[in-house]
Amino acid sequence: MTIESTNDNNNTKPAITYSECYQQCFCSDNLELMKTIESNTIDLIYCDILYGTGRNFGDYQDLKPIRSEIEAHYLPRLKEMHRVLKITGSIYLQMDYRIVHWLRCIMDDVFGYNNFRNEIIWSYKRYTGICRNFQTMHDNILRYSKSENYTFHQLFQPYQPTTLKNHKWEYDEINGTYFYWKRGKNTHPYKIHANKNGVKMNDVWDIPQLSPISNERYDFTSQKPKALIERIIKASSNENDLVADFYLGSGTTAEVCKDLNRNFIGCDINPRAVEITLKRLNNARS
Ligand SMILES: C[S@@+](CC[C@H](N)C(=O)[O-])C[C@H]1O[C@@H](n2cnc3c(N)ncnc32)[C@H](O)[C@@H]1O
């Protein structure tokens, strides 16, 4: 396995091609790294970006929630992400209410309005704060493809208990499936079959945030749960595909790629983030 960490972000480095990649993590500004990557080589990009809080998180300084600052940072980077993505590729960008409306417009310009696929709401529970508003308990994940012809595997979720309770399910011995009879006013009764995988997954994802005592937890601000990124990678890539995360943080995406047999390339501008990522890839905690 090749694991690289480098502070060398000059542009003379040979371009990285798909066949050479397995798991590569760079300490670099993402714009500089992307300039070294060949066009049309990446199958899936997931980035948990800077949310525009204006805060200093210790591990990194966030951008200010000022439209010109947000556009100046993201426009050149999203253009590069579009260039390096394969024609069958997808991109997921995670942020929150502060900048999602601006990012939606920039993404429409760069990827095309017709290539917008979903706005996924990651819904989580947390302590409630003092404020005169509804409590904010979600992130927004914008999903775009590069073309109409994109990789997508339908994911499923369990049926709601009410769906199971409200119908009189019967077992179909021939097909080995459950069904109930739907009776309309003007139609003959017909069978509704249950899908053994559950129902098609919707765009509101209830996944708990990482608890401070979780086994998954590394000491990094804004670390995301693996379960969230697993869904994205399973839905929009295949084994041995190349997945990129250009805002790597503690390396959650890199670790999930290793678990799911995906190739990975990513970077973070903060050396501590890359150090933690390399530890995770080597299953080392201290
Ligand atoms: C929200 S955090 C990512 C957290 C990550 N998803 C995790 O699970 O740990 C964003 C990361 O982007 C990095 N970052 C900010 N600007 C960057 C840039 N221009 N190039 C590369 N990384 C950058 C920050 O250092 C920070 O680690």
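In this predicted model, 19 residues surround the ligand, and the closest are Asp 48, Tyr 247, Gly 249, Ser 250 and Thr 252. By type, the shell around the ligand holds 7 nonpolar, 7 polar and 5 charged residues.

From the ligand we can step back to the whole chain. It has 286 residues, of which 32% count as buried. Its secondary structure consists of 7 helices and 13 strands. Along the principal axes, the C-alpha atoms fill a box of roughly 70 × 50 × 45 Å. The domain assignment splits the chain into domain 1, made of 18–155 + 201–281, and domain 2, which covers 156–200. Domain 1 is thus written as two stretches, with the residues of domain 2 between them in the numbering. The C-alpha centres of the two domains are 37 Å apart. Contacts across the sequence can also be counted: taking those between residues at least 6 apart in sequence, 65% join residues at least 24 apart.

One such pairing can be followed at Thr 151. This residue is found in the loop between β5 (138–145) and β6 (156–157). Its C-alpha atom is separated by 6.0 Å from that of Thr 88, although the two residues are 63 residues apart along the chain. Which residues does Thr 151 contact, leaving aside its neighbours within four places in sequence? They are Asp 43, Thr 88, Ser 90, Ser 236, Ser 237 and Asn 238. Thr 151 is nevertheless partly exposed, because 16 other C-beta atoms lie within 10 Å, and a residue is buried only at 20 or more.

Ser 236 leads on to helix α5, which spans residues 226–236. The buried residues of this helix are Leu 228, Ile 229, Arg 231, Ile 232, Ile 233 and Ser 236. An α-helix has 3.6 residues a turn, so residues three or four places apart point the same way. The buried residues of α5 pack against β2, β3 (85–95), β4 (116–123), β11 (204–206), β12 (242–245) and α6.

Next comes a pair of helices. Two packed helices are described by the angle between their axes and the distance between the axes. For α2 (residues 67–84) and α3 (residues 100–111), the angle is about 35° and the axes are 10 Å apart. The crossing of α2 past α3 is right-handed. On the α2 side, the contact is made by Arg 67, Ile 70, Glu 71, Tyr 74, Leu 75, Leu 78, Lys 79 and His 82. On the α3 side, Trp 102, Leu 103, Ile 106, Met 107, Val 110 and Phe 111 take part. The residues of this contact divide into 10 nonpolar, 1 polar and 3 charged.

Two loop residues remain. Most residues other than glycine have a negative phi. Asn 40 has a positive phi of about 55° although it is not a glycine. It sits in the loop between α1 (30–35) and β2 (42–48). Is Asn 40 buried or partly exposed? Asn 40 counts as partly exposed, because it has 14 C-beta neighbours inside 10 Å. Asn 261 also has a positive phi, near 60°. Its place is in the loop between α6 (252–259) and β13 (263–268). With 10 other C-beta atoms within 10 Å, Asn 261 is exposed, because the cut-off for that class is 12 or fewer.

Technical notes
Residues are numbered from 1 along each chain as its sequence is written. This is a predicted model: local features need pLDDT of at least 70, side-chain atom pairs count only at pLDDT 80 or more; totals for chains, interfaces and linings use all residues. A residue is near a molecule or strand if its C-beta atom, placed from the backbone, lies within 6 Å of it. Ala, Val, Leu, Ile, Met, Phe, Trp, Tyr, Cys and Pro count as nonpolar, Asp, Glu, Lys and Arg as charged, and the others, Gly among them, as polar. Domain bounds come from an automatic or database domain assignment. Axes are lines fitted to C-alpha atoms, for helices over the stretch in contact, and angles run from 0 to 180 degrees between N-to-C directions. Helices (H or I, at least four residues) and strands (E, at least two) are DSSP runs, numbered from the N terminus. A crossing is left-handed if the near helix is turned anticlockwise from the far one by less than a right angle, and right-handed if clockwise. Two residues are in contact if their C-beta atoms, placed from the backbone, lie within 7 Å.
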